[in-house]
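I am opening a notebook on one structure. I will write down what I looked up, entry by entry.

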Amino acid sequence: MDLDTLKETPHRRFNPLTREWVLVSSHRTLRPWQGKVENLPADDQPHYDPACYLCPGNSRAGNAVNPKYDRTFVFENDFAALLPKGPETTIEDEDLLIARAERGICRVGCFSPRHDLTIPRMSIEELRPVIDLWIDQYNELGAVPWINHVQVFENRGTMMGASNPHPHCQIWANAHLPNQPSREQAAFRDYGKKHDSCLLCDYLRLEQSRQERLICDNAAFAVVVPFWAVWPFETLLISKRHVGATADLNDIERNLLADIMKQVTTRYDNLFEVSFPYSMGFHQRPTDSQPHPEWHLHAHYYPPLLRSATIQKFMVGYEMLATPQRDITPESAAERLRQLPGIHYRSSTK
C-alpha cells in the first residue's frame, strides 16, 4: 500500500465498523482560520464544591441528597432520557411514519468524591473502582430481562456537553440495540462469515505490524488512531484478547484497562496542556441472552479539538450533507500523540 503517495492527495478511507467513508484532505491544514475560537476551559477545580450536585453530601434535584461517599457513587439520573415504564405505543403509517415506545434505565456514576480528579490524574488504584463500577452496572442492568444493550459513556468538558465538571459517566440501558452498536454488530457478523475471523482481531494485528497509527499499549490493550478516523485526534481502544464485554476481563486485565485509559487521556491533556474534552464510550456485547461470539470489546474516544485548545472541529456543511471530512491525516495525529510524555503536565499539582 503506497500510503505516502495517498497522503498527498484527497482520498477516501473506509470504516469497516460502520461501513461508511471519510474524506481525508491533508492539504487543507494550511488554510487560515478566522472562525470561532473557544475560551480556555477552567483548569483549576476545587477538591470539593458546595454548589456541585455530584459532590458528596450535596443536594440534587427533587430534594435528593448524595451520601457522603468515599469511592464511586451511582444513582438514577434525575433527568433521565429513558424511563423503565410506559405505554407500549407503536405507530406504523404506510411505511413512512414509524415510531415505537422505548423503555430504558439511565444512571450517573461519579468516579470519586473529588470534584477535580479526572481520569488522567487518577492513580491505577483510584481508577480500578471506576472499572469495577462499569462492569457491575453492565452486569446488573444487562440482567434485567427486557434490557438488550448497556451503553457506558463519558462526556468530558463543556465543549462536549458536560453539564457538570465533577468527573462522572453515564450508563444508559436500552430495550433495543441503538444505531451505532447495531451497525457494528452487522459488520462483525458479516466479516466473520466472510473471513472466518474477527474484524478487530485482524485489524489490531495489522496496526501492530505497521506501527503507523499505534499510540500506546500494554499487555492487554492497545490504542490507535483508526485508519478511518473522522475526528482530528479520535482514538480506538481495543482489547488484545478476543472478549465481548468488560465483564469478561480478568482481574489483571481490569487493572490494565485502567492503565491504558490513563495513558491515552494523559496524552490528550498533554497535547495542548489543557483538560482535553471528549466523548468516549464502550461498545460491547448486547445483553439479549445470546452468546454473540462475533463481538470484540472496544472503546471509542471522540475529541473535538483541532488546532489548539480553543479551536474545535465542526461537523457542518458537506459533512452533514455528504461525507465526513478531516484535514490532518490519522498518521500525523497518531505521531503527535505517540511522542507526548506519559506523565501528566499537572502531575506536580495533584
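**Entry 1: Glutamate 273 and glutamate 234**

I looked up glutamate 273, which counts as exposed because its relative accessibility is 53%. My cut-offs are under 20% relative accessible area for buried, over 50% for exposed, and partly exposed in between, with a 1.4 Å probe and protein chains only. I note that this is a predicted model, where local features need pLDDT of at least 70, side-chain atom pairs count only at pLDDT 80 or more, and totals for chains, interfaces and linings use all residues. Residues are numbered from 1 along each chain as its sequence is written, and side-chain values use heavy atoms, with hydrogens and water left out.

I found glutamate 273 in the loop between H5 and E12. Helices (H or I, at least four residues) and strands (E, at least two) are DSSP runs, numbered from the N terminus. I took the C-alpha distance from glutamate 273 to serine 308: 9.6 Å, with their positions 35 residues apart along the chain.

I then turned to glutamate 234, in the loop between strand E10 (221-224) and E11. Glutamate 234 is buried, because its relative accessible area is 5%. From glutamate 234 to asparagine 77 I read 28 Å, C-alpha to C-alpha, for a pair 157 residues apart in sequence.

**Entry 2: Salt bridges**

How many salt bridges does the count come to? I have 23 salt bridges, each being a side-chain nitrogen of Lys or Arg within 4 Å of a carboxyl oxygen of Asp or Glu.

I looked at arginine 254 and aspartate 132, whose side chains form a salt bridge at 3.8 Å, N to O. Arginine 254 is in helix H5 (residues 251-272) and aspartate 132 is in helix H2 (residues 124-142), so this pair ties together parts 122 residues apart in sequence. Is arginine 254 buried or exposed? Arginine 254 counts as buried, because its relative accessibility is 18%. Aspartate 132 has a relative accessible area of 22%, so I wrote it down as partly exposed.

Next came arginine 241 and glutamate 253, a salt bridge with its closest N and O atoms 2.7 Å apart. This pair links distant parts of the chain, twelve residues apart: arginine 241 sits in the loop between strand E11 (235-239) and H5, and glutamate 253 sits in helix H5. Arginine 241 is partly exposed at 39% relative accessibility, while glutamate 253 is buried, with a relative accessible area of 9%.

I also checked glutamate 335 and arginine 338, which meet in a salt bridge at 2.3 Å, N to O. Why are they separated by about one helical turn? Glutamate 335 and arginine 338 are three residues apart in helix H7 (residues 330-338), which means about one helical turn between them. Both are partly exposed: glutamate 335 has a relative accessible area of 31%, and arginine 338 has 25%. Elsewhere in my list, Arg13, Glu207, Glu212, Arg213 and Glu331 are joined into one network by salt bridges that share partners.

**Entry 3: Positive phi**

I looked up glutamine 211, which is not a glycine but has a positive phi of about 65°. Glutamine 211 lies in the loop between helix H4 (199-210) and strand E9 (214-217) and is partly exposed, with a relative accessible area of 43%.

Histidine 292, also not a glycine, has a positive phi of about 50°. I located histidine 292 in the loop between E12 and E13, and it counts as buried because its relative accessibility is 11%.

**Entry 4: A nonpolar patch**

I noted a nonpolar surface patch of about 450 Å², made by Phe314, Val316, Met320 and Leu321. Patches use residues with over 30% relative accessible area and no salt bridge; like charges are joined within 9 Å, and nonpolar side chains (Val, Leu, Ile, Met, Phe, Trp, Tyr) within 5 Å. Accessible areas come from the Shrake-Rupley method with a 1.4 Å probe. One of the patch residues, methionine 320, is in helix H6 (residues 318-321) and counts as exposed at 62% relative accessibility.

**Entry 5: The largest pocket**

Which residues lie nearest the centre of the largest pocket? I listed Thr18, Gln180, Trp231, His300 and Tyr302, from a lining of 30 residues. On a 1 Å grid over the protein atoms alone, a pocket is an open set of points where a 1.4 Å probe fits, with protein on both sides within 12 Å along at least five of seven lines; lining residues have an atom within 4 Å of a point. H3 gives the most to this lining, with five residues.
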